[in-house]
Amino acid sequence: MQMTETRAELVPAAAAADQIITFPNGLVGCESWRHFVLMTEQEEDLAVGVLECLDQPETRLMVTNPKLLFADYSVSLNDSERQLLDMPEGVEPVIYCTLSITSEGWLTANLLGPLVINPETRVAKQIVLADSGYSTRHPVVRVGA
Amino acid sequence: MLVLSRKCEQSVMLGDDIVVTVLGVEGDRVKLGIHAPRGVNILRHEIYRQLQDANAGAANHSRPSVQSIADALRGRSGQKAQVSPA
């Protein structure tokens, strides 16, 4: 995913239709959220981006690369998931986790349900690491309410 | 809600592509086997709800600017945490 522009505001990482990230089955519990574009800031070390939903423009998901934050967070795909995303062994996905803010002002990351994206086709799926013990609201940092 | 009773080894079809089979009953636990097409998430209901709530929460919060979140993350990113659950 590339970054463009040099303004402080969010801009589309790429405007072309082939940069749309497609979730064929939507997100868990949110089946209609299928097409997204990544909005990022022009920063070299991307800490956070926004996935804007084209099916529902009010829906904008804050996301981060969890490996920037958590040294031992790992997501491995089973064969079925690799086939669904058309990613053979050796091709590594782009992984994002959504971010939320609690009412107490904590930024939290959804480590239980990462977004897994095929970097070549931009087909994606939210997978659920059901037996991992990870939380949907893993605390990251205080940001204020 | 449609209510059916099944004995061990009996199944239920959901549409043409999903089969739920009762594999066993032990006390108050029922073991279910499920065949579904690739791409259909099979989740314990409470996990499904947890994910659904988290997705909705990630899309629908009054938030400070992304820049300030990025700053907060950058301030913290020197200390990568261990995240493996206990």
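Two strands count as paired if DSSP finds at least two bridges between them. In this predicted model, that rule is a handy way into chain A, where β6(A) and β7(A) form a hairpin with 4 residues between them. Gly105(A), sitting in the turn, has a positive phi of about 90°. The two strands run antiparallel and are joined by 3 bridges, with β7(A) covering residues 106–109. One pair to look for is Ser100(A) and its bridge partner in β7(A), Thr108(A).

The hairpin is just part of the story for β6(A). This strand also pairs with β8(A), again in the antiparallel sense and over 3 bridges, and here Ile95(A) stands opposite Val116(A). Then there is β5(A), which pairs with β6(A) over 2 bridges, antiparallel once more; Val63(A) has Thr98(A) as its bridge partner in β6(A). How enclosed is β6(A) by the rest of the structure? Largely so, because 7 of its 8 residues are buried.

Two other spots in chain A are worth a look. Arg122(A) is found in the loop between β8 and β9, and its phi is near 60°, a positive value in a residue other than glycine. Most residues other than glycine have a negative phi. Arg122(A) is also buried, because its relative accessible area of 14% falls under the 20% cut-off. His138(A), in strand β10 (residues 138–142), makes it under that same 20% limit with a relative accessible area of 19%, so it counts as buried too. His138(A) and Asn110(A) are 28 residues apart in sequence, yet their C-alpha atoms are 6.3 Å apart in space.

On to chain B, whose elements run β-β-β-α-α from the N terminus on, giving 2 helices and 3 strands. Of its 86 residues, 26% count as buried. Looking at contacts in chain B with a separation of 6 or more, residues 24 or more positions apart account for 0% of them.

Before β1 of chain B comes a segment that holds Glu9(B). Its phi is near 80°, a positive value in a residue that isn't glycine. Is Glu9(B) buried or exposed? It is exposed, because its relative accessible area is 57% and the cut-off is over 50%. Next, β1(B) and β2(B) run antiparallel, joined by 4 bridges, and Met13(B) stands opposite Val19(B) in β2(B). Their hairpin has 3 residues between the strands, and Gly15(B) takes a positive phi near 65° there.

The helix α1(B) has 15 residues and reaches 21 Å from its first C-alpha to its last, close to the 21 Å expected. Its buried residues include Ile47(B), Leu51(B) and Ala54(B). What covers the buried residues of this helix? Among the elements doing so are β5, β6 and β9 of chain A.

Both chains also turn up around the largest pocket, which has a volume of about 1200 Å³. Rolling a probe the size of a water molecule over the atoms shows where empty space is left. The lining of this pocket takes in 43 residues, and Val40(B), Asn41(B), Ile42(B), Leu43(B) and Arg44(B) lie nearest its centre. Chain A supplies at least two lining residues from each of α1 and β9, while in chain B each of β1, β2, β3 and α1 does so. By class, the lining has 25 nonpolar, 11 polar and 7 charged residues.

Methods: Residues are numbered from 1 along each chain as its sequence is written. Chains are lettered from A and ligands numbered from 1 in the order in which they are written. This is a predicted model: local features need pLDDT of at least 70, side-chain atom pairs count only at pLDDT 80 or more; totals for chains, interfaces and linings use all residues. Side-chain values use heavy atoms; hydrogens and water are left out. On a 1 Å grid over the protein atoms alone, a cavity is a set of points where a 1.4 Å probe fits but cannot get out, and a pocket is an open set with protein on both sides within 12 Å along at least five of seven lines; lining residues have an atom within 4 Å of a point. Grid points are joined across faces, edges and corners, and a volume is the space filled by probe spheres set on the points. Ala, Val, Leu, Ile, Met, Phe, Trp, Tyr, Cys and Pro count as nonpolar, Asp, Glu, Lys and Arg as charged, and the others, Gly among them, as polar. The expected span of a helix is 1.5 Å times one less than its number of residues. Buried means under 20% relative accessible area, exposed over 50%, partly exposed in between (1.4 Å probe, protein chains only). Contact means heavy atoms within 4.5 Å.
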